[in-house]
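Hi everyone, thanks for making time this morning. I'd like to walk you through one structure, starting with the whole chain and ending with a single side chain.

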Amino acid sequence: MAKAIWEGVVLAESDSCVIVEGNHYFPPHTVEREYFRPSSTTTVCSWKGIAHYYDIEVKGKRNPDAAWYYPQPSDATKQIKDHVAFWKGVRVEA
């Protein structure tokens, strides 16, 4: 069971993450949406597509662009569609 944790709060938990390039992508239904705020940030990966980001907010603290997802990934990574991955201090325990 993988868990994504920040500021002592479990942001996502799943035993069916997809791992791509060492990142755990959590299925959308396993993410605690109350901690996620939309971000206007996007980045382009040459083989996965356009990543969109979320800010994470816990106990009044904000972690900008700490989570990302691909709403329309390339065919090579279609298994991560809408799955959420983390960085910027969010600890993933697997």
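Of the 94 residues in this protein, 44% are buried. Please keep in mind that we are looking at a predicted model.

What about the overall dimensions? Along the principal axes, the C-alpha atoms fill a box of roughly 35 × 30 × 20 Å. The radius of gyration is 12 Å, and because a compact globule of 94 residues would come out near 12 Å, the two agree.

On the surface side, about 5,200 Å² is exposed, and carbon and sulfur atoms supply 50% of that. As for charge, there are 11 positive and 12 negative ones, and their mean positions lie 2 Å apart.

Now the secondary structure. How many helices and strands do we have? Zero helices and nine strands, so if you read from the N terminus on, you simply go β-β-β-β-β-β-β-β-β. Looking at contacts between residues at least 6 apart in sequence, 42% of them join residues at least 24 apart.

Let me zoom in on strand 1, residues 2–6. Is this strand mostly enclosed or open? Four of its five residues are buried, so the rest of the structure largely encloses it.

Who are its partners? On one hand there is strand 2, residues 9–14, which runs antiparallel to strand 1 and is joined to it by five bridges. These two strands make a hairpin with two residues between them, and in the turn E7 has a positive phi of about 55°. On the other hand there is strand 9, residues 91–93, also antiparallel to strand 1, with three bridges joining them.

If you'd like one residue to follow on screen, take I5. Its bridge partner in strand 2 is V10, and in strand 9 it stands opposite R91. So I5 ties into both neighbours of this strand that I've just mentioned.

While we're on strands, a general reminder: in a regular strand, side chains alternate between the two faces of the sheet.

My last stop is K48, in the loop between strand 5 (36–45) and strand 6 (49–58). Is this lysine buried or exposed? With a relative accessible area of 5%, K48 falls under the 20% cut-off, and therefore counts as buried.

Which residues touch it? Leaving aside neighbours within four places in sequence, K48 is in contact with V20, E21 and Y25, then with Y70, P73, S74, T77 and I80.

That's my tour; I'm happy to go back to any view you'd like.

Note on methods. Residues numbered from 1 in each chain as written. Predicted model: local features only at pLDDT ≥ 70, side-chain atom pairs only at ≥ 80, totals over all residues. Heavy atoms only, no water. Rg over C-alpha atoms; globule rule 2.2 N^0.38 Å. Buried < 20%, exposed > 50% of the residue type's maximum accessible area, 1.4 Å probe, protein only. Contact = heavy atoms within 4.5 Å. Areas by Shrake-Rupley, 256 points an atom, 1.4 Å probe, with all protein chains shown as cover. Lys, Arg positive; Asp, Glu negative; His and termini not counted. Charge placed at Lys NZ, Arg CZ, Asp CG, Glu CD. Pairing = 2+ DSSP bridges.
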